[in-house]
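Open the model in your viewer and keep the selection panel at hand. The stops below go through it one at a time.

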Amino acid sequence: YPCLDDLEGLVAVGRDLPVGLEELRQLELQVLTAHSWREKATKTFLKKNSCYTLLEVLCPCADAGSDSTKRSRWMEKALGLYQCDTELLGLSAQDLRDPGSVIVAFKEGEQKEKEGILQLRRTNSAKPSPLTPSLMASSATSMCVCGQVPAGVGALQCDLCQDWFHGQCVSVPRLLTSPRPSLTSSPLLAWWEWDTKFLCPLCMRSRRPRLETILALLVALQRLPVRLPEGEALQCLTERAIGWQDRARKALASEDVTALLQQLAELRQQLQAKPRSEEASVYTLATACDPIRGGSGNTVSKIQGLLENGDTVTTPENIAPAKGSGKTLLSSLLPQLTGLVLKLPQAIRAPLEELMMEGDLLEVTLDENHSIWQLLQAGQPPDLDRIRTLLELEKLEHQGSRTRSRALERRRRRQKVDQGGRVEDLVQQELQSKRARSSGITSQEGQKKEHFQEKADRENIFLTPSTDNSPFLKRNQNNLQHKDSG
């Protein structure tokens with residue numbers, strides 16, 4: 001198939017010809033179809049007001065190991081200064097026309113991306129944590145996308161590059177309001193199933209659609225009689241995602257990991273089978289920690305305890321509570337979230353962590369990624385600092401949304417009042433216009449009546465007898481009376 005750039009050049013030449021050609025119409029239709037597919041793929045992958053191009057998102061990030069280069073390029077794109085994407089993988093404009101060159105560059109970029117992210121993780125892990133106050137000032141400090149050093153409680157660490165960011169400057173996960181649906185999970189959500197995974201905007205460059213959506217795009221791509229570099233990159237990305245999915249399924253289907261997954265499933269069943277008395281006792285303990293909201297019946301739907309290995313350590317569990325009171329109650333229960341749910345040996349943890357890192361590099365959403373994340377979360381203590389940070393950020397956002405909603409409500413009321421005043425003015429104007437029209441109509445009718453009256457009076461002069469002493473009329477009247485009497 002010809003390249004899209006070649007077809008666009010032929011169409012530009014054909015439009016300058018002073019002759020109508022059927023082949024020109026066919027080429028224009030092919031170019032239009034190719035642009036339509038590219039726009040659909042762009043809407044599928046790119047975020048709103050994204051600073052990346054479609055080709056950059058589909059290809060591996062070859063400069064992932066250089067934090068300064070990656071961050072400076074991201075800032076240049078955000079400011080609109082960086083527009084060229086042909087040098088992403090060392091490809092020229094001529095190389096983008098060759099599918100073989102794109103595939104080879106994609107494979108090389110994939111390896112460079114993996115090596116670079118490992119180096120970046122080691123560098124960022126050595127940086128001081130903003131959550132712990134450090135007495136010594138270090139030059140190797142984290143920088144948020146806003147250009148400031150993240151510090152304080154509102155800082156979050158990216159799970160892929162291990163760098164720190166302000167929670168208010170990036171998109172953070174919803175802790176309880178939007179849990180990830182799963183067919184295997186019970187309605188009760190344990191703390192290791194909460195959506196606490198955070199990827200910074202430097203690592204998560206796109207919307208990350210599901211694999212089924214990408215396959216639908218590939219099917220539509222096969223129908224195009226045109227070659228696009230984005231299409232070649234999408235095919236390489238799909239092959240990479242399917243290969244990772246196969247390796248992840250094999251790892252999850254191994255004997256040791258299957259036993260761990262079975263243990264998690266049993267824990268979920270225990271959560272569902274807990275007696276009501278224990279649930280009531282845990283609820284009483286929770287309400288005692290929060291006496292202000294203890295009397296409200298809508299504080300939380302269900303709270304249960306989880307006893308592990310027969311010891312006295314209780315791991316409370318909370319499911320999607322109410323927006324305001326649930327967060328307060330969950331904050332009071334955080335000190336009790338202790339203990340490991342699963343014991344992951346290093347021989348199992350290391351391959352899963354490697355798969356997790358490679359899965360996070362993919363700009364694709366896969367269910368196996370979330371399953372591996374749950375296993376790794378259950379094999380370590382709960383990250384209380386992150387949970388508190390997410391709760392605070394969600395609380396601030398909720399307060400901001402309430403403030404915005406109140407401002408919008410006041411604005412709507414003002415608009416209604418203004419519209420009501422305008423409506424009253426319009427009604428008064430309409431009534432005045434109606435009165436004016438009615439008065440005009442009555443005056444016209446009066447004039448018509450006067451005109452008709454004058455005309456009738458003029459006619460009555462000759463029809464009615466006169467009251468004066470005319471002898472001629474008297475004589476006629478006497479004759480008429482004499483005839484009538486006869």
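Helices here are DSSP runs of H or I with at least four residues, and they are numbered from the N terminus. By that count, Val31 is found in helix 2. The model is a predicted one.

**Stop 1: helix 2**

Select residues 22-45, which make up helix 2, and colour Glu23 within it. Is Glu23 buried or exposed? Its relative accessibility is 52%, and the cut-off for exposed is over 50%, so Glu23 counts as exposed. Now add Val11 to the selection: it is 12 residues from Glu23 in sequence, and the two C-alpha atoms are 9.5 Å apart.

Go next to Val31, also in helix 2. Val31 has a relative accessible area of 10% and is buried. Draw a distance from its C-alpha to that of Leu4; the viewer should give 6.9 Å, for a pair 27 residues apart in sequence.

The last pick in this helix is Thr44. Thr44 has 17% relative accessibility and counts as buried, because the limit for that class is under 20%. Leave Thr44 displayed for a later stop.

**Stop 2: the nonpolar core**

In soluble globular proteins, nonpolar side chains tend to be buried together. In this model the largest nonpolar core has 81 residues. Which residues have the most contacts inside it? Select Phe45, Cys158, Phe165 and Ile372. Then show helix 7, residues 229-252, which gives the most to this core, with eight residues.

**Stop 3: strand 2 and the aromatic pair**

Stay with Phe165 and add Phe198. A search of the whole structure finds one aromatic pair, and these two residues form it. The geometry is edge-to-face, with 6.5 Å from centre to centre and 70 degrees between the planes. Phe165 belongs to strand 2 (residues 164-166) and Phe198 to the loop between strand 2 and helix 6 (211-222), so the pair ties together parts that are 33 residues apart in sequence. Both Phe165 and Phe198 are buried.

Now select His166, also in strand 2. His166 is buried, at 18% relative accessible area. Val149 lies 17 residues away from His166 in sequence and 8.4 Å away in space, C-alpha to C-alpha.

**Stop 4: two residues with positive phi**

Most residues other than glycine have a negative phi, and most peptide bonds are trans. Two picks go against the phi part of that rule.

Select Gln162 in the loop between strand 1 (155-157) and strand 2. The phi of Gln162 is near 65 degrees, a positive value. Gln162 is buried, with a relative accessible area of 17%.

Then select Arg208, whose place is in the loop between strand 2 and helix 6. Its phi is near 60 degrees, again positive in a residue other than glycine. Arg208 counts as buried, at 8% relative accessibility. With Thr44 still on screen, check the distance between the two C-alpha atoms: 8.3 Å, across 164 residues along the chain.

**Stop 5: a charge over a ring**

Display Arg205 and Tyr52. Arg205 lies over the face of Tyr52, at 6.0 Å from the ring centre.

**Stop 6: the largest pocket**

Switch to a surface view for the largest pocket, which holds about 880 Å³ of space. There are 32 lining residues, and those closest to the pocket centre are Lys47, Leu199, Met204, Arg207 and Arg208. Arg208 is the residue picked earlier for its phi near 60 degrees.

Which elements give two or more residues to the lining? Select helix 4 (67-79) and helix 12 (367-378). Helix 12 gives the most, with three residues.

Finally, colour the lining by class: 16 residues are nonpolar, six are polar and 10 are charged.

Technical notes
Residues are numbered from 1 along each chain as its sequence is written. This is a predicted model: local features need pLDDT of at least 70, side-chain atom pairs count only at pLDDT 80 or more; totals for chains, interfaces and linings use all residues. Side-chain values use heavy atoms; hydrogens and water are left out. A nonpolar core is a set of buried Ala, Val, Leu, Ile, Met, Phe, Trp, Tyr and Cys residues joined through side-chain atoms within 4.5 Å. Buried means under 20% relative accessible area, exposed over 50%, partly exposed in between (1.4 Å probe, protein chains only). Rings of Phe, Tyr and Trp (its six-membered ring) pair if their centres lie within 6.5 Å; planes under 30 degrees apart count as stacked, over 60 as edge-to-face and the rest as tilted. A charge sits over a ring if NZ of Lys or CZ of Arg is within 6 Å of the ring centre and within 35 degrees of the ring normal. On a 1 Å grid over the protein atoms alone, a cavity is a set of points where a 1.4 Å probe fits but cannot get out, and a pocket is an open set with protein on both sides within 12 Å along at least five of seven lines; lining residues have an atom within 4 Å of a point. Grid points are joined across faces, edges and corners, and a volume is the space filled by probe spheres set on the points. Ala, Val, Leu, Ile, Met, Phe, Trp, Tyr, Cys and Pro count as nonpolar, Asp, Glu, Lys and Arg as charged, and the others, Gly among them, as polar.
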